[in-house]
Structure formats: structure tokens, C-alpha cells
Amino acid sequence: MAGGTKRLPRAVREQQMLDAAVQVFSINGYHETSMDAIAAKAEISKPMLYLYYGSKEELFGACLSRELGRFIEAVRADIDFKLPPKDMLRGIILSFLSYIDANRASWIVLYTQATSSQAFAHTVREGRERIIDLVARMLSAGTRNPEPEADFQMMAIALVGAGEAVATRVSAGDVDVDDAAELMINLFWRGLKGKPAERDGVEASSAPGSVSAHL
């Protein structure tokens, strides 16, 4: 077997297998992918693949966990709450779409393949909720003069949903990342900046304790 006799640390070998699996799953889909194809891509024997991951379902689940974790950490690391609201929004959207563009196979597995399988839908759903909560906190921290009835959780759901749809186009190479980011920024900026500050001779934004006074 090609490369099968190389002695690699277990952690390195596991990542090699997951890398190969993500690539093959993204092309063939979960149901049409065989363990033989993944083993060949990883340049290991099928028995070794089964030794590390006892079934295709277990291997796919490991792929989802790794890719979802990487995605969330990459986006979280790029959020800077010290930035002005619009710059913060721009940063998170660009981070989101740039990651998808650089990891297209990962997104296809996470969004297209996993969501189409009932067995893994809960994993994707839990991951989406983590992202929505993260975005909701960003919106809450960055919104100037929020409307009293502002529902940041629903705004986050809308933003993430739109982001998923645009990301799918990005992963297919159908749209430029910068163009897609500008579209989303313009679409959501009005909701993020909130209502105009009231003026009673003095800018409301300068009032002590106001949200915008700290942004």
C-alpha cells in the first residue's frame, strides 16, 4: 500500500485521514463515498482506516466535529469588540466568507452533505446555534441606540441564514468574496446601527452610560 509503512504519530495519522475524508466526502457525498476511496486518498490501507475509525458514520462524524470546531474558532478569533460597529460587522462577515473560500471542501461537507443526512443534522444544528449565539452577542455589543423591541437573536438568525446561502455560492466559486461581503454588510448595517440618536440640545450619543458613547 502506498505510504502504509510510514510510521507517523497517531495524531498526525488521524488528521491525514480526516483531510482525505473531507476531500472525498465533498466530491462524492456521504452515501456515495466508500472507505476504500478514503483509504486510497489518505494513502493507507482500509484495515488501518477502520482501526482508527470503526465505520464510515464514525469517520464522517469526526470530520464534522473537526471542521465545525475549526470554523467557529476562526470566526471567533477575528471578532474585535473594540472596533466601531460597522467595522466589526465587516470583519466578521469577511472572516466568515474568507474562511469558506479557503476551505471549500469543508463547507460542502458541513453544509451540503451533513444537512442532507438526518443522522448528522443535529450536529449541524448545534453548531449553527453556537454561531448564532456568537453573532447575537456581536450585534448586541455593537448596536447603537437599539430599538426597545430589538431582538438580537432573531437578527443573528437572519444574518447567519443569509451568510449560509451566500457562503454556498462562494464555495462553488460563483461569487467573489469581497462582492459578497459588501452585499451582506449593506444589507445588515441598517439593523446594526439602530435608530438615530435623539437630540435634546445635546447629542444622545454623548450621554453618560449610552451604548454609542462607548463605541
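A crossing of two helices is called right-handed if the near helix is turned clockwise from the far one by less than a right angle. With that in hand, here are some close-up views of this predicted model.

**View 1. Helix 5 crosses helix 8.** Helix 5 (residues 85–102) passes helix 8 (residues 152–171) in a right-handed crossing. The two pack at an angle of about 40°, and their axes lie 9 Å apart. On the helix 5 side, the contact is made by Leu-89, Ile-93, Phe-96, Leu-97, Ile-100 and Asp-101. Facing them from helix 8 are Leu-159, Gly-163, Glu-164, Val-166, Ala-167, Val-170 and Ser-171. If you sort the residues of this contact by character, you get nine nonpolar, two polar and two charged.

**View 2. Ser-95 within helix 5.** Staying with helix 5, we turn to Ser-95, which is found there. Ser-95 counts as buried because its relative accessibility is 8%, and the cut-off for buried is under 20%. Leaving aside neighbours within four places in sequence, Ser-95 is in contact with Ala-74, Val-75 and Asp-78.

**View 3. Helix 1 and its cover.** Helix 1 (residues 10–28) has 19 residues. From its first C-alpha to its last, helix 1 reaches 27 Å, close to the 27 Å expected at 1.5 Å a residue. Its buried residues are Arg-13, Met-17, Leu-18, Ala-20, Ala-21, Val-22, Val-24, Phe-25 and Ser-26. Look around them and you will find that their cover includes helix 2 (35–42), helix 3 (46–52), helix 4 (56–77) and helix 6 (104–115). Just after helix 1 comes Gly-29, with a positive phi of about 85°.

**View 4. Ala-21 and its partners.** Zooming in on helix 1 brings us to Ala-21. Ala-21 has a relative accessible area of 0%, so this residue is buried. Not counting residues up to four places away in sequence, Ala-21 touches Ile-38, Leu-59 and Cys-63. Val-109 offers a handy distance to check for yourself: Ala-21 and Val-109 are 88 residues apart in sequence, yet 9.7 Å apart in space, C-alpha to C-alpha.

**View 5. The annotated stretch, residues 34–53.** According to an unreviewed UniProt entry, residues 34–53 carry the annotation "DNA-binding region". In the model, the chain over residues 34–53 is 75% helix and 0% strand. The C-alpha atoms at the two ends of residues 34–53 are 13 Å apart. Helix 2 (35–42) and helix 3 (46–52), shown here, are also among the elements that cover the buried residues of helix 1.

How values were computed
Residues are numbered from 1 along each chain as its sequence is written. This is a predicted model: local features need pLDDT of at least 70, side-chain atom pairs count only at pLDDT 80 or more; totals for chains, interfaces and linings use all residues. Side-chain values use heavy atoms; hydrogens and water are left out. Axes are lines fitted to C-alpha atoms, for helices over the stretch in contact, and angles run from 0 to 180 degrees between N-to-C directions. Helices (H or I, at least four residues) and strands (E, at least two) are DSSP runs, numbered from the N terminus. Contact means heavy atoms within 4.5 Å. Ala, Val, Leu, Ile, Met, Phe, Trp, Tyr, Cys and Pro count as nonpolar, Asp, Glu, Lys and Arg as charged, and the others, Gly among them, as polar. UniProt positions are given in the numbering used here, feature names are shortened, and annotations may be inferred rather than shown by experiment. The expected span of a helix is 1.5 Å times one less than its number of residues. Buried means under 20% relative accessible area, exposed over 50%, partly exposed in between (1.4 Å probe, protein chains only).
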